[in-house]
Each structure stands twice: as structure tokens, then as C-alpha cells.
Amino acid sequence: MQAAASTAPAILAAARRHAPARKRGCRQRSRAACVVIRAAPGPLFDVTAAPGAGRVDWHAVKSDLLDLFSRSQSVWPADYGTYAPFFVRLAWHNSGSYRVADGRGGAEGGRQRFDPERSWQDNTNLDKARNLLAPLKLKHGPALSWGDLFILSGTVAIEAMGGPVLGFCGGRIDDQDGSDSLALGPSPEQRAFHPCPVNGNCTPPLGAVAVGETKSLIYVDPEGHMGVPDPVRSAADVRWTFAGMAMNDTETVALIGGGHAFGKTHGACPAGAGALPRDDPANPWPGLCGSGRAADAFTSGIEGPWTTRPTRWDNEYFHNAFASSPAALDSAFAAAWYKLVTRDMGPHARCVGPWVPPPQPFQFPLPKPPPEPVDYAEVWAALHKGADPLLPAADAAALAYGCAASYRYTDNQGGCDGARIRFSPEVDFPANAGALEAIGKLRGVKKAFGARLSWADLITLAGHAAVAPHSGPMPFCGGRTDATDGAGSRWLQPLSAPSSAAYFKEHPTGLTAREVLAVWAAASRAVAATRRPPADFFRWVALATPTEVAEMPADLRVVHDDAELREAALDFASDPAAHKALLAKAWPRLMSLGRFDGPASSPCDDPAATLMLPPTDAPAPRASSH
């Protein structure tokens, strides 16, 4: 036990001394505003990286990693004289928590440094891998995020062992705590929202085996379905679990066979790995046999290498599948690995570094914007030509809101750029009822401006016009483009509806509950049907009589019944100017979500890319049309 304690070397204390204080109020959902921050003291390095904190010398980081691989250290000796397989496992287990159902998990955020992820049984002894990387993190500073370092270490390791790599997408932004992993479990949040009473028979968004109640596993039970060694049922579990990460069968097979070309398992110690990090943060997983290291190490309970050459790339793990064409495995694995470690990053535009490959299908690349810019003031005038607007304000606001609110901050997918609300499945989401009819009423304007005007810009501009009477002039940022299909919306249907308080408090866009309430009320047909101006509506919904509450639609009733939402409604009613200012800030922000020109930056950040609408020389649209 004493010897194993040395796996937390003195450099841990040095990292804490150099870590700046946490910025209060900085949260994952608004991480672009975060500065360098630090979480509660613990044995893990928790310095996070801030956007724009500096430039990374990626080639120097790679060189340092290659040097690290070959220098076995007594605190945790390398198997076969190299740490490379160890870092493949680290990168995989950081990425493998991703799930497409709600975009949670993945390596961005570097949350494996915190509970619950650091105490998952599947992550046994990965604290040692993170400790080995700590000097590199300190050397290269806050510009290098933990998330990027984890993934680069695994990618460089594959390449160093002769494996195929497609490239590396840098730009991950670290979280300050593990709160965004609580829904992954095991935690009260996971049990409340995604329970798995029988581990092994879980339902989406969980995999077949949750990290949940009894076994903290990322993938499937290695002992078989429900602990029974049944290959047929285990195969179903594997397919189910990898499909939850958006992997098809070919990608699944390539990842399993390619990933297991490297390294070994550790199970020589029958007593186990010892206390979890959450139970003994000062000395996690010390190993309960001998030194707890090398021949005494315990990770999975199984002992031995996966192949006869565990530090070299080959297809020995399942030679029958790819023996006739090793190149097929090379190509499939390179693409699948890049997808595994990059899927949670979102659009290709967020990737930085010298090894970024071209946009991949899983990034749902969009065409370039129209080459000839349109005059948005002219479009604005066209939308208001005649005695009545082409599209009633309630419909225009609802269409724009539905288009933009598809964005989810968990994996940076969705948003109105691309205007995928024109296609299935997004147009079929229950919240988007009436979208096709609304789009049809805009076809004349679209035809008049032709290719210069994208559907995405037209939809957001129409919504802007509908909301402006309640917000005053707002900045409009154009330059969106149109997708050719709806593939990018496949997994974006919200898991909660406005009839649930969770819709407002945990909105996938990452807006605060008050911001969501403000923009939702401006776009809700149910609110428009009350025919009340904003201040009057918020006063009425907050102070409604029991009879009025009983007659309200569910998505209005929740604002009355939830204490926090009701308080916000009262604040909006008592201070209309504050509500107007919040709406004028939150609506343009919502419309710009999903647009990136860097890890945390948007083309709309440049004031020169925006214009205030309505134009000062044009009449504002009529509020009565809402």
C-alpha cells in the first residue's frame, strides 16, 4: 500500500500550486466565456483550458508524447517497455462515453478527471495515465486542454505502433467539474431521468449496460450478457452499445479488432484494484497484491495480451475477418477511430491543429454560403410588403425558434444553419407542427432573391422580424447556408417538452432557464393565442387563479407551477424593460448557435458581420400580428 501511494508523485502538488482560482458562475453551457479555472482539490489534475488562452505547439506536444511512451517509470511501469497501448485505452475510454441520444459524454470537457467518470470500473488505473501526462500538461500550459491531450496521446500512440490514423481534431474545451457527466451515472440524476433497474437490460439513451447501478462499465459486460457467457446475446449488446455512439457494424468491428491489437489486460491479483477514487482520492486503485503495479496490477480481472505482438499494429485479433485484405482494416479503423474520438466535437469548423483531415460525413458538412451576398434590408422590406406580413408573426417566430432550438451544446450539433427543419426528421418533430406550412408562405421571397438568400437566413430573418416588436432592434448575423438533406437532425429531437420544467432548466441549447423562458414565450403559439402583450402575459400566467390554471395548456401551466419559472415570470412582468433587454440579447444568441469558426468562436462574434434590424429608416413590424 505504501509503495503504491507513490503513484501520486510530487508533481501533483506543483500542478495545484500553479492552478489559478475558479471563476465563479462559469458553467459548461457557457464555456466560451470561461477563463482558466480549477475545480475542488483532489489527486487529479484539474486545470482547464480557456478559448484563446494561447497557441499550442502541436508538433512539440507530439514529440514529448513519443518520448514519454518509451520512458518507463517506476511509479507505474510500462507493459512491454512502452506506454503507447495505455494511452490508446485512455483516449478510447474518454471518448467511449459519448451517446447520440442526447449528445452527452465524449472527451470534450476532459471530465474523466472528475467523478463520476474517474471512478467507473472501466476506468480502473487510468488515473496513472493522467498522472503520466501531467508534466506535459504543465509544460504546454492552459492552451493545451486535457481533452485534447488525452485524445492526441492515443492517436499518436496508434501511429507510433504502426497503426493507421486519419488525423487529429484539436480544440476541445475543458470543463471545471464533472457535472455534465452526472446524467451518465451512477448518480441520482441518472437514476431519476434514465433508470436502469436491471443492469444489462438498459434502454436509450443508455447502452445495454449502463455505467449505472452495479457495474460502472462504459460498454458491455465482459463476462457476457447479464454476466452469462452467451455469445449471441453479447453480440446484440455490442451492436446496441456501439449504435448508441452512432457506429455502424463495420465501424464497430474495426474498432474492436483494431483497438485490441494493442496492449494487455491485468488480472493477476485476485484481491482486486482497491478503493475507487471517490472513496480514497489520495490513493485510488492502489492494487491489493504486492506493489499493486506491473505483475501485481489489477484492472479488469483478466490477465494477458490480446495478441502475440501487443505493441504492433496488425489484424491478428480477428484475422478471419480481414486476413484477405489488411488494407480494409487499416482504412476502416482509421476512419472509425477518428469518428470515435471526434464525434462529440460537432462541426468541422471547430477543429484546429496541423493534422485536421477534411470534413467527414459524421460532421454533417454544409455547402459554402452563397457567393453573392444578399442585402438583408431588402429581404426585410420584402417580408413586410403590403398591409399584412407574408407570414403571421406567431408562425414566423415558431418556425425560427424550432429551427434554432435543435442545437444542443452537449455535442455542438444542430442549430438553424443548414435549415434542416425543411426535411425529415426535424420537420416531423412534434414541436415543429406547422413548419412546412410556414415555409411554404416564404417561398415567394426565397424565389425573388434566388441563390443569394439561403433558407436558413430567410427563416431566421422572418423570426427576427416577428420578435422585434417585443425586443426592439436586435443584431442580425447572416451568412448561413442550406443543407441538402436532414441527416444531421437524426438524433436531435429533444428528450423533454415545454410541458416539463426540465425543458427550461436543462435546455439542450445551453441557455439559462430565464433566457429559454423569454425566447420560448416570444415564439410559442400557445402564448400568442392568449393575445396578451409580454408583461401582461407573464403577470397573468404567474398570478392565475386555480380555475385559469386548470384551463391552461400544459406548457403554460408549468410556468405557473414551477417556483423558479414563476419567479422569473413575475420579474418579467414587474420590469418589462429588463425582459425586453434579455430577449434582445438571448434571441440573436439562439439564432447563432451551432455556427463556428473555431473551438468556441462564431462568425457572428465580429460586429462587422451583423446589422441592426429593424433598419432605422424602416417601420418596425406590427406587434399586433403576433
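Ala419 is found in the loop between helix 12 and helix 13. The model is a predicted one. Phi of Ala419 is near 50°, a positive value in a residue other than glycine. Most residues other than glycine have a negative phi, and most peptide bonds are trans. Ala419 has a relative accessibility of 0% and therefore counts as buried, the cut-off being under 20%. Ala419 is also among the residues in contact with Ile459.

The loop between helix 12 and helix 13 holds further features. Pro425 lies in this loop. The peptide bond that joins Ser424 and Pro425 is cis, with omega of about 5°. Tyr407 is found in the loop as well, with helix 12 spanning 393–404 and helix 13 spanning 435–441. Relative accessibility of Tyr407 is 5%, so this residue counts as buried. Beyond its neighbours within four places in sequence, Tyr407 is in contact with Asn412, Gln413, Gly414 and Gly415. The contacts of Tyr407 also include Pro508, Thr509, Leu593, Gly594 and Phe596. Tyr407 and Leu593 are 186 residues apart along the chain, yet their C-alpha atoms are separated by 6.5 Å.

Long-range contacts recur across the chain. Among contacts between residues at least 6 apart in sequence, 72% join residues at least 24 apart. The chain has 626 residues, and buried residues make up 56% of them. Its secondary structure comes to 23 helices and four strands.

The largest nonpolar core has 78 residues. Those with the most contacts inside this core are Val379, Tyr401, Ile459, Phe504, Trp520, Val559 and Trp587. Helix 15 (residues 455–471) supplies the largest share of the core, ten residues. A second, separate core has 52 residues, including Phe87, Leu126, Leu133 and Met247. In soluble globular proteins, nonpolar side chains tend to be buried together. Ile459 shows the surroundings of one residue of the largest core. With neighbours within four places in sequence left aside, Ile459 is in contact with Leu399, Ala400, Cys403, Cys416, Ala419 and Ile421.

Val559, another residue listed for the largest core, takes part in a helix pair. Helix 21 (residues 554–561) and helix 22 (residues 563–574) have axes that come within 5 Å and cross at roughly 90°. The two helices are therefore roughly perpendicular to each other. On the helix 21 side, the contact is made by Val558, Val559, His560 and Asp561. On the helix 22 side, Ala563, Leu565, Arg566 and Ala569 meet them. By class, this contact has five nonpolar, one polar and two charged residues.

Helix 5 (residues 146–160) has 15 residues, which should span 21 Å at 1.5 Å a residue. The end C-alpha atoms of helix 5 are 21 Å apart, in agreement with that value. Helix 5 is mostly covered, with 13 of its 15 residues buried. Asp148 is found in this helix. At 2% relative accessibility, Asp148 counts as buried. Leaving aside neighbours within four places in sequence, Asp148 is in contact with Trp58, Phe168, Cys169, Gly170, Gly171 and Arg172. Asp148 and Phe168 are 20 residues apart along the chain, and their C-alpha atoms are separated by 9.2 Å. Just after helix 5, Gly162 takes a positive phi of about 90°.

Helix 10 (residues 326–342) has 17 residues. From first C-alpha to last, helix 10 reaches 24 Å, close to the 24 Å expected at 1.5 Å a residue. The buried residues of helix 10 include Leu329, Ala332, Phe333, Ala334, Ala336 and Trp337. Toward the end of the list come Tyr338, Lys339, Leu340, Val341 and Thr342.

Two further backbone features lie outside the loop between helix 12 and helix 13. Trp285 is found in the loop between strand 1 (264–265) and strand 2 (304–305). Trp285 is not a glycine, but has a positive phi of about 45°. The relative accessible area of Trp285 is 3%, so Trp285 is buried. A cis peptide bond joins Leu613 and Pro614, with omega of about 5°. Pro614 lies in the segment after strand 4 (610–613).

Note on methods
Residues are numbered from 1 along each chain as its sequence is written. This is a predicted model: local features need pLDDT of at least 70, side-chain atom pairs count only at pLDDT 80 or more; totals for chains, interfaces and linings use all residues. Side-chain values use heavy atoms; hydrogens and water are left out. A nonpolar core is a set of buried Ala, Val, Leu, Ile, Met, Phe, Trp, Tyr and Cys residues joined through side-chain atoms within 4.5 Å. Buried means under 20% relative accessible area, exposed over 50%, partly exposed in between (1.4 Å probe, protein chains only). Contact means heavy atoms within 4.5 Å. The expected span of a helix is 1.5 Å times one less than its number of residues. Axes are lines fitted to C-alpha atoms, for helices over the stretch in contact, and angles run from 0 to 180 degrees between N-to-C directions. Angles under 35 degrees count as roughly parallel, over 145 as roughly antiparallel, 65 to 115 as roughly perpendicular and the rest as oblique. Ala, Val, Leu, Ile, Met, Phe, Trp, Tyr, Cys and Pro count as nonpolar, Asp, Glu, Lys and Arg as charged, and the others, Gly among them, as polar.
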